[in-house]
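Student: I have a model open and some terms to pin down. Can we go through them one at a time?

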Amino acid sequence: MTFNLLTTTNGSISDIISRMKDRRQVVALQTDSMNSFIKSISDNQQEIEPFYVLDLGVAVRLMDKWRQHLPNVKPFYAVKCNSDPALLFLLAALGANFDCASRAEIEIVLRLGVNPDRIVYAHSCKMASHIKYAASVGVNLTTFDSKDEIDKIKKWHPKCELLLRIKVNDESSWRSMGNKYGASLDEVVPLLQHAYQAGLKVSGVSFHIGTKASEAKLYRGAISAARYVFDATSELKMPEMHILNIGGGFKDNPLFDEIGRTVNDSVQEYFPNQSSSLKVIAEPGRFFAETAFTMVTNVIGKRVRGRTIQYWIDDGTHGSFNLATYDHSSMMFKPLLRNEDGEAQLSTIFGPTCDGLDIVVSECKLPELNVDDVIVFYNMGAYTTSGASKFNGFNRFEMPTYLVYSTPN
């Protein structure tokens with residue numbers, strides 16, 4: 001099968017890709033040709049190694065979905081989730097802004113030519129050197145949830161506008177954020193007063209209901225809590241707030257539709273007179289990155305032990321599969337078989353390191369594989385390489401990533 005460089009798809013997308021500073025070629029294909037493309041890359045590697053495929057078409061379709069369900073919410077993509085420059089450039093060109101949590105993440109975004117006013121420094125406890133850097137490059141919006149943070153910002157970046165991050169109900173989310181970040185409602189007034197006395201401008205409220213929320217109604221409660229903070233600033237005779245940051249944790253699943261309706265209705269309910277002046281933003285990461293990336297690994301070892309076949313592959317839990325230790329709910333995988341015969345066998349997949357806990361998948365069913373066979377893992381874009389290490393000398397920070405632009409059949 002022959003794959004063509006992207007020249008015949010949507011003109012605006014072709015223009016975006018032509019302007020990428022990242023000069024990797026982009027291949028146009030239909031979604032059902034992905035396995036053939038993966039096989040062509042795998043078969044032609046000079047040295048066998050794992051690699052990623054980033055489907056820019058998936059990211060474009062997800063942006064369309066975001067705009068359909070949250071038309072009045074500006075996405076600030078969470079760079080921490082996956083900082084592949086092609087993904088960042090595409091999202092920027094599609095109109096997304098960026099959530100950065102460190103100097104390094106700010107630098108990544110600025111190198112793409114993004115204006116600093118499109119960045120929110122979304123970290124409530126920042127290093128002084130990073131605050132000074134943000135001030136030097138003109139990143140002028142950040143979050144806080146303590147008096148000490150106010151004092152640091154006053155000292156190192158007094159022109160910065162602030163978002164007060166509040167603690168909200170996130171108990172039913174898969175991973176809570178409130179144990180570490182967010183001011184409780186009884187802390188709101190003292191913090192607002194402290195910021196006002198320091199001469200800093202509090203422009204809005206930020207919250208995060210946790211990763212992969214299981215109930216859309218959590219957003220209604222959180223937006224209600226944000227309304228309390230807006231009212232408190234009015235009672236304190238402070239300048240009117242105009243930003244509502246509803247955080248991240250979104251996932252491309254059926255619940256997202258309900259979340260969209262809940263957010264839209266709740267903003268109308270609690271901010272009925274500010275529809276024109278209120279700027280609503282969010283910090284999605286996983287939503288755009290997770291399903292856009294596919295990872296291809298190679299079987300480097302095999303052992304039969306009793307009724308179980310054990311395989312070793314060339315990446316593991318100290319690399320891209322760190323997610324397997326805490327976030328295996330979305331990962332799917334299958335081998336690209338050279339031989340379709342054979343029944344499924346009880347199998348375990350190990351990573352390449354000497355760590356006995358480096359287990360990618362345990363007790364799964366696979367047809368019997370051989371060394372150099374390929375296993376493809378799907379939904380591998382969220383918090384994979386971004387959490388990798390160099391344990392045992394396996395450097396998985398900069399694996400090859402091939403770019404495609406798929407169109408559905």
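Tutor: What follows is a short round of questions on a predicted model.

Student: What makes a set of residues the largest nonpolar core here?

Tutor: A nonpolar core joins buried residues of nonpolar kinds through side-chain atoms within 4.5 Å. The largest such set has 109 residues. Tyr77, Phe207, Phe250 and Phe377 have the most contacts inside it. Helix α9, residues 217-235, gives the most to this core, with nine residues. A second, separate core has 14 residues, including Phe37 and Val53.

Student: Which residues does Tyr77 touch?

Tutor: Leaving out residues up to four places away in sequence, its contacts include Leu87, Leu88, Leu91, Phe98 and Phe288. Asn82 and Asp99 are also among them.

Student: Why is helix α4 called largely enclosed?

Tutor: Buried means under 20% relative accessible area. Seven of the nine residues of α4, residues 85-93, are buried, so the rest of the structure largely encloses this helix. The buried residues are Ala86, Leu87, Leu88, Phe89, Leu90, Leu91 and Ala92.

Student: What makes the Asp84 and Ala86 pair at the start of α4 a polar contact?

Tutor: The cut-off for a pair of N or O atoms is 3.5 Å. A side-chain oxygen of Asp84 reaches to within 2.9 Å of the backbone nitrogen of Ala86. The pair therefore falls within the cut-off.

Student: Where else does Asp84 appear, and what lines that place?

Tutor: Asp84 is one of 17 residues lining the second largest pocket. Asn82, Ser83, Asp84, Thr385 and Phe397 lie nearest its centre. The lining divides into seven nonpolar, five polar and five charged residues. About 400 Å³ of space lies in this pocket.

Methods:
Residues are numbered from 1 along each chain as its sequence is written. This is a predicted model: local features need pLDDT of at least 70, side-chain atom pairs count only at pLDDT 80 or more; totals for chains, interfaces and linings use all residues. Side-chain values use heavy atoms; hydrogens and water are left out. Buried means under 20% relative accessible area, exposed over 50%, partly exposed in between (1.4 Å probe, protein chains only). Helices (H or I, at least four residues) and strands (E, at least two) are DSSP runs, numbered from the N terminus. Contact means heavy atoms within 4.5 Å. A polar contact is a pair of N or O atoms within 3.5 Å; within protein, one must be able to donate a hydrogen and the other to accept it, and residues adjacent in sequence count only if both atoms are side-chain atoms. On a 1 Å grid over the protein atoms alone, a cavity is a set of points where a 1.4 Å probe fits but cannot get out, and a pocket is an open set with protein on both sides within 12 Å along at least five of seven lines; lining residues have an atom within 4 Å of a point. Grid points are joined across faces, edges and corners, and a volume is the space filled by probe spheres set on the points. Ala, Val, Leu, Ile, Met, Phe, Trp, Tyr, Cys and Pro count as nonpolar, Asp, Glu, Lys and Arg as charged, and the others, Gly among them, as polar.
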